[in-house]
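Trainee: I've just opened this one up and don't know my way around yet. Could we go through it with some questions?

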Amino acid sequence: MLKGKIALVTGSTSGIGLGMAQALAAQGATLITNGFGDADTARKAIADAAAKAGHTGTRVGYHGADMSRASEIETMMQYAESEFGGVDILVNNAGIQHVAEIQDFPTDKWDAIIAINLTSAFHTTRLALPGMRTRNWGRIINIASVHGLVGSAGKSAYVAAKHGIVGLTKVTALENAQTGVTANAICPGFVLTPLVQKQVDDRAARDKLSGDEAKRSLLGEKQPSGEFVTPEQLGALAVFLCSDAAAQVRGAAWNMDGGWTAQ
Ligand code: NAD
């Protein structure tokens, strides 16, 4: 379905971004990955997902731009243009978390969360849009969160950034409403990635719980299904948003959250 399309997924060396990249590669897209850590293992996992779906020799690029730095994002987008001919599918996924009440919240953590979880998407979007508009086709998928729709104590910067990216998604959708470029946000509940594992570990230490008890306790507070959302399920939603069937899904903040925001 996505043969010939170039997809850039920020923060795709791990977790949800890796799942997104694998799902898009399995549909035939060429991938540009980004993120810290072990890029080669991620690239191999993406190429394997493509091969398993019958797409052999899928090209998987990588750029290590730090999403907190506008100049590095610009270099990454130039790399996408010169090496791949531009970006058709942009998944703004890179993100970090820090949990503390506002009076104790470190100001450098606030700045980093706003830069990585929100401002980076402004930069990638502004730089990807001209090419998408010229080709009159594009898909911008912003990985927001249930925290783009509701708040949780201790997560001020994250909730502010995620509400912000839902707003940015709406404006991006409106400014391109009469073009072939759509913009939507995906709002996951808890997904068991390294970002959430840290919260599980902190809870286990704080409340003297086993790992499994801490997971159940975390889910029990917010997620009625009692189950984690998976990167594969989120990848399938991203594939749908890239399809022709989703051409009129514009400016949505689509939750996949085990019932979290139905409460
Ligand atoms: P993760 O920690 O597994 O992955 C985060 C990715 O972002 C990694 O590839 C990491 O290297 C990259 N990254 C972090 N800082 C970066 C920077 N400065 N520059 C470039 N890359 C950077 O986390 P995840 O849970 O997969 O989170 C991915 C996205 O999904 C985030 O935006 C997060 O807010 C969102 N999200 C996660 C959950 C969840 O429960 N895990 C729920 C809702 C939304």
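Mentor: Sure, let's take the ligand, then the aromatic rings, and then two single residues, keeping in mind that this is a predicted model.

Trainee: Let's start with the ligand. Which residues are the closest to it?

Mentor: There are 30 residues surrounding the ligand, so to speak, its whole neighbourhood. The closest of them are Ser14, Asn93, Tyr158, Val191 and Thr193.

Trainee: And how far is a backbone N or O atom of Asn93 from an oxygen atom of the ligand?

Mentor: The backbone comes up at several places here. Met67 has a backbone N or O atom 2.8 Å from a nitrogen atom of the ligand, and Gly189 has one 3.4 Å from a ligand oxygen. For Asn93, the distance to an oxygen atom of the ligand is 2.7 Å.

Trainee: How much of the ligand's area does the protein bury?

Mentor: Start from the ligand taken alone, which exposes 820 Å². Of that area, the protein buries 93%.

Trainee: On to the rings. What kind of aromatic pair do Phe190 and Trp260 form?

Mentor: The structure holds three aromatic pairs. In the one made by Phe190 and Trp260, the centres are 4.9 Å apart and the planes are at 50 degrees. An angle from 30 to 60 degrees is neither stacked nor edge-to-face, and the pair is tilted.

Trainee: How many residues apart are Phe190 and Trp260?

Mentor: This pair links distant parts of the chain. Phe190 is in the loop between strand 6 (181–188) and helix 6 (194–207), while Trp260 is in the segment after strand 7 (253–256). Both Phe190 and Trp260 are buried. Along the chain, they are 70 residues apart.

Trainee: What about Phe240 and Trp254: which elements does that pair tie together?

Mentor: Phe240 and Trp254 meet edge-to-face, 5.8 Å centre to centre with 70 degrees between the planes. Phe240 counts as partly exposed at 31% relative accessibility, and Trp254 counts as partly exposed at 32%. The two are 14 residues apart in sequence, so the pair ties together helix 8 (residues 231–242) and strand 7.

Trainee: Which ring does the charged end of Lys5 sit over?

Mentor: Here a charge lies over a ring. One example is Arg59, over the face of Phe84 at 4.0 Å from the ring centre. The charged end of Lys5 is 4.0 Å from the centre of its ring, and that ring belongs to Trp137.

Trainee: Is Thr58 buried or exposed?

Mentor: Thr58 lies in the loop between helix 2 (39–52) and strand 3 (60–63). Its side chain reaches the backbone oxygen of His55 at 3.2 Å, and beyond its neighbours within four places in sequence, Thr58 is in contact with Ala29, Thr30 and Ala50. Because its relative accessibility is 17%, Thr58 counts as buried.

Trainee: Last one: which side chain does the side chain of His147 make a polar contact with?

Mentor: His147 lies in the loop between strand 5 (138–143) and helix 5 (156–175), and is buried with a relative accessible area of 3%. Leaving aside neighbours within four places in sequence, its contacts include Tyr158, His163 and Trp260. The polar contact is at 2.7 Å, and the partner is the side chain of Ser152.

Note on methods. Residues numbered from 1 in each chain as written. Predicted model: local features only at pLDDT ≥ 70, side-chain atom pairs only at ≥ 80, totals over all residues. Heavy atoms only, no water. Phe/Tyr/Trp six-rings, centres within 6.5 Å; stacked < 30°, edge-to-face > 60°. Helix = DSSP H or I, 4+ residues; strand = E, 2+ residues; numbered from the N terminus. Buried < 20%, exposed > 50% of the residue type's maximum accessible area, 1.4 Å probe, protein only. Lys NZ or Arg CZ within 6 Å of the ring centre and 35° of its normal. Near = heavy atom within 4 Å. Polar contact = N/O pair within 3.5 Å; in protein donor to acceptor, adjacent residues only side chain to side chain. Areas by Shrake-Rupley, 256 points an atom, 1.4 Å probe, with all protein chains shown as cover. Contact = heavy atoms within 4.5 Å.
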